[in-house]
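Colleague: Hi! Could you walk me through this structure before class?
Modeller: Happy to. Here it is.
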Amino acid sequence: MSGNAFSGARPPRSAVIDLGSNSVRLVVFEGVARNPLTIFNEKATLRLGRGLDGTGRLNEDGVRQAVAVMTRFNAVARGMEAAPFEVLATAAVRDASNGPAFVDSMRELLPGVPIRILSGEEEADYSAIGVLCGLPDADGVMADIGGGSLELVRLENGGYAHGQTLKLGVIRLGDRAGGDPERARAIVEDDLAPLDWLRDCSGRTLYLVGGAFRALARLQIARTAYPLNIVHQFELDIEAAREMCAWMMSASRRTLERLPGAPRRRLDDLPFAAIVLRRLLRRIQPARVVFCVDGLREGWYMRHVAPELRGADPLRAAAEEMGKRLGRLDSLPPALIDWTATLFGAETPHDRRLREAACWMSDTGAYDHPEYRAEQVFLRVLRQPGMAFDHPTRAFLALTLAMRYEAEPDHEFLQPARRLLDPAGFRRAEVLGLALRLAYTVCAGIPELLDGIGLSVGVGNRLVLRCAAGRRAVTGDSVSRRLDRLALALGLQAEIVEA
């Protein structure tokens with residue numbers, strides 16, 4: 001039997017404070033699984049890096065505010081019994097003349113908590129590991145923008161190289177340019193000019209990390225009425241990314257403030273983020289842009305995960321975790337993977353991964369109210385947190401499970417899936433969902449009842465449910481109706497055969 005969230009000992013927790021140039025954030029993770037599970041995430045805007053380029057020192061207002069913020073974060077992490085618990089300080093603290101003194105004062109405030117001032121190379125390493133945690137096949141350039149610096153890293157074959165730190169964080173760029181966008185463009189061009197390796201990444205993907213880039217994505221999602229308000233793995237082609245940057249640099253503050261969810265505290269910085277992005281697009285010429293929520297903090301988390309887990313497929317790991325946590329039997333999904341395989345003989349490796357993930361997640365509505373089960377499961381999967389799912393994957397899995405739980409393709413709540421999937425993907429999800437609906441009707445969630453019963457496409461456009469001798473008894477009217485429904489979706493004639 002599978003466990004549940006209310007039994008057994010509480011999983012271990014770990015915590016990291018990301019002390020950046022613009023903001024400080026505490027994240028508490030639960031467990032040490034392949035995919036980070038965040039149970040607490042709080043940010044405070046300190047702007048420690050404001051004025052750094054002119055004074056060489058941390059902003060005094062930010063330093064004063066840090067005392068209260070760090071005291072609170074320390075109390076929360078300690079109260080949650082997080083271990084390990086560490087503070088990572090980045091560009092502003094690293095570059096300020098009073099950075100070491102500030103860290104010493106923080107060590108007195110947080111006794112026993114390790115505080116590390118990351119070098120530019122270390123900061124890039126952590127961010128790259130964080131991106132690769134959710135996107136192990138990432139191929140292109142990671143750009144992680146903060147308040148004080150921009151980290152650029154080449155990602156390829158599950159690894160990374162060419163880590164580079166530039167003084168192009170949004171606060172520092174604004175200070176260097178005196179708030180003048182034209183001067184900012186010239187500064188970015190000059191700083192990027194020596195990086196010849198960026199041109200070698202043409203036609204690949206530009207992965208955008210950091211709060212200012214995430215804020216750009218949120219505004220783009222709002223202004224285009226995109227069907228899923230999730231920044232992680234939100235994707236644009238290069239022309240759409242250019243248009244977004246041009247709009248951002250020309251839009252009035254009032255226009256931005258009127259958009260739902262507009263990050264008001266970041267609005268003054270966003271034109272500089274758009275300038276950096278526009279210059280990167282021009283320099284790299286990527287095929288697409290992908291926004292990533294995962295970065296430095298997730299990279300820190302992954303360094304505490306067992307090596308054997310790091311190489312696991314994040315999609316499969318997330319699907320198995322959800323299936324084991326919310327489903328009834330751990331032994332059923334593998335049986336469903338085998339049982340549905342005959343319908344999808346020509347599937348690609350990617351399609352097989354999706355089918356296997358759907359099978360693992362196929363019983364996650366077992367304890368939901370039956371009147372709302374299909375919609376509840378659809379929304380849970382579509383909107384779940386986590387790094388393993390790009391937006392079409394979310395839509396595919398959500399639609400598949402909604403169909404498994406008796407939804408019909410024209411239901412209004414399925415509209416996001418229609419917008420996020422192409423017609424072939426929508427149809428495949430529909431067929432897989434109907435096949436799982438049939439399987440659960442046959443076996444009632446008991447894998448042994450699938451033994452001796454198989455599904456295949458036979459000659460003469462027939463969809464055949466083949467029963468071993470003596471097993472015909474498990475195929476009643478409800479099984480026949482669901483077999484007919486699946487056959488209709490495939491354009492076939494249903495038949496039950498006892499062999």
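Modeller: We can talk about the spaces in this model, then a helix, then a domain record.

Colleague: Anything I should know before we start?
Modeller: This is a predicted model, where local features need pLDDT of at least 70, side-chain atom pairs count only at pLDDT 80 or more, and totals for chains, interfaces and linings use all residues. Residues are numbered from 1 along each chain as its sequence is written, and side-chain values use heavy atoms, with hydrogens and water left out.

Colleague: How many cavities of 30 Å³ or more are there?
Modeller: The structure has two of them. On a 1 Å grid over the protein atoms alone, a cavity is a set of points where a 1.4 Å probe fits but cannot get out; a pocket is an open set with protein on both sides within 12 Å along at least five of seven lines; lining residues have an atom within 4 Å of a point.

Colleague: How much space lies in the largest cavity?
Modeller: About 380 Å³, where a volume is the space filled by probe spheres set on the grid points, which are joined across faces, edges and corners. Its lining has 30 residues, and Asp18, Ile145, Gly146, Gly211 and Arg297 are the closest to the centre.

Colleague: And which residues line the second largest cavity?
Modeller: Among them are Gly323, Trp360 and Tyr440. This cavity holds about 40 Å³, and helix 15 (332-340) and helix 16 (349-361) each give two or more residues to its lining. Helices (H or I, at least four residues) and strands (E, at least two) are DSSP runs, numbered from the N terminus.

Colleague: What about the second largest pocket, how much space is in it?
Modeller: About 410 Å³. Of its 18 lining residues, Gly134, Leu135, Gln233, Arg353 and Asp390 are the closest to the centre.

Colleague: New topic! Which residues of helix 9 are buried?
Modeller: Ile238, Ala241, Met244, Cys245, Trp247 and Met248. Buried means under 20% relative accessible area, exposed over 50%, and partly exposed in between (1.4 Å probe, protein chains only).

Colleague: Last one: which domain does UniProt list for residues 27-303?
Modeller: An unreviewed UniProt entry gives "domain: Ppx/GppA phosphatase N-terminal" there. UniProt positions are in the numbering used here, feature names are shortened, and annotations may be inferred rather than shown by experiment. Over residues 27-303, the chain is 46% helix and 19% strand.
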